[in-house]
Every structure is written in C-alpha cells, then in structure tokens.
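Reader: I'd like to go through this one with you and ask how each label was earned. Can we start by looking at it?

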Amino acid sequence: MLEAEKNWDALTVEERDEEVKQYDQEFIADSAKPMSPEEQRLWQRIQRGKSRRGAATVSVRLPIDLVDRMARYAGEYNLSMDQFVKKSTHGALTFVE
C-alpha cells in the first residue's frame with residue numbers, strides 16, 4: 001500500500017501499476033463486507049453533513065453579483081470559497097463582538 005509520505009509523482013511506473021492493481025478487479029463489490037459499528041457511526045456522521053473537523057455545510061441564498069464579487073476576490077488571493085467565507089465571517093464577527 002502507498003505510504004502517506006510517498007509522493008505519487010516520485011513513484012516509478014512499476015510502483016504506480018502496483019498501487020492501482022487492486023482496482024483492476026471486475027466485480028470488486030463482491031468482496032465488500034458489512035460495516036463495523038465504528039464504520040456505521042462514521043457513515044451516519046458523514047450523512048448528517050458533519051465532518052471530523054467539526055465543520056458544517058451551510059446553504060445560503062445570495063445575490064449573483066455578490067457571489068461573483070466573492071469569487072473574484074477569493075481568486076485574486078488564491079482562496080477557496082470556503083476559506084474566503086470563513087475569513088470574512090471571522091472578520092465580521094471580530095468587528096461586531
């Protein structure tokens with residue numbers, strides 16, 4: 001199995017072939033096993049939209065021109081929209097608290 005610290009680009013072609021060989025099986029679902037209680041709890045947490053880091057998915061309705069401005073600003077500073085919203089919200093709360 002690929003070690004976490006190994007870089008995919010640093011692998012030789014043979015090492016890459018060895019890593020992806022497991023996906024060459026035609027009926028890989030036949031080897032599936034029932035989830036353990038720990039896996040079931042994790043799956044249920046994922047289904048509820050909660051991550052291991054304590055983040056939540058929030059759906060909001062915003063005007064298109066505002067979203068365009070947000071995306072433009074985030075792109076200029078190499079931020080994802082998640083990062084931009086997090087930083088903006090943190091800044092706004094710091095200002096009002």
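Author: Sure, here are the labels one by one, with the values behind them.

Author: Keep in mind that this is a predicted model. The mean pLDDT of the protein is 83, and 89% of its residues reach 70 or more. Among the elements, helix H2 (residues 37-47) has the lowest mean pLDDT, 86, and H3 the highest, 94.

Reader: How do you know that the span of helix H3 agrees with its 13 residues?

Author: Take 1.5 Å a residue, and residues 64-76 should span 18 Å. The end C-alpha atoms of H3 are 18 Å apart, so the two values agree.

Reader: What makes the phi of Asn-78 worth a remark?

Author: Most residues other than glycine have a negative phi. Asn-78 is not a glycine, yet its phi is positive, about 55°. You'll find Asn-78 just after H3, in the loop between H3 and helix H4 (81-96).

Reader: Why is Asn-78 called exposed?

Author: Exposed means over 50% relative accessible area. Asn-78 has 69%, so exposed is the word.

Reader: Why is the pair of Tyr-73 and Tyr-77 called tilted?

Author: A search of the whole structure finds 2 aromatic pairs, and this is one of them. The ring centres of Tyr-73 and Tyr-77 are 4.6 Å apart, and pairing needs them within 6.5 Å. Their planes are at 35°, neither under 30 degrees (stacked) nor over 60 (edge-to-face), so the pair is tilted.

Reader: And what makes Tyr-73 and Phe-84 a tilted pair?

Author: Here the distance is 5.4 Å centre to centre, with 55° between the planes. This pair links distant parts of the chain: Tyr-73 sits in helix H3 and Phe-84 in helix H4, 11 residues apart. Tyr-73, Tyr-77 and Phe-84 form one aromatic cluster.

Reader: How do you know whether Phe-84 and Tyr-73 are buried, exposed or partly exposed?

Author: Buried means under 20%. Phe-84 comes in at 13%, so Phe-84 counts as buried. Tyr-73 has 40%, which lies between 20% and 50%, so Tyr-73 is partly exposed.

Reader: What makes the nonpolar surface patch, and where does Trp-43 come in?

Author: Met-35, Leu-42, Trp-43 and Ile-46 make the patch, about 370 Å² of it. Trp-43 is found in helix H2. At 44% relative accessibility Trp-43 counts as partly exposed, and that is over the 30% a patch residue needs.

Methods: Residues are numbered from 1 along each chain as its sequence is written. This is a predicted model: local features need pLDDT of at least 70, side-chain atom pairs count only at pLDDT 80 or more; totals for chains, interfaces and linings use all residues. Side-chain values use heavy atoms; hydrogens and water are left out. Helices (H or I, at least four residues) and strands (E, at least two) are DSSP runs, numbered from the N terminus. The expected span of a helix is 1.5 Å times one less than its number of residues. Buried means under 20% relative accessible area, exposed over 50%, partly exposed in between (1.4 Å probe, protein chains only). Rings of Phe, Tyr and Trp (its six-membered ring) pair if their centres lie within 6.5 Å; planes under 30 degrees apart count as stacked, over 60 as edge-to-face and the rest as tilted. pLDDT is the predictor's confidence in each residue, from 0 to 100. Patches are made of residues with over 30% relative accessible area and no salt bridge: like charges are joined within 9 Å, nonpolar side chains (Val, Leu, Ile, Met, Phe, Trp, Tyr) within 5 Å. Accessible areas come from the Shrake-Rupley method with a 1.4 Å probe; for residues, only the protein chains shown count as cover. A salt bridge is a side-chain nitrogen of Lys or Arg within 4 Å of a carboxyl oxygen of Asp or Glu.
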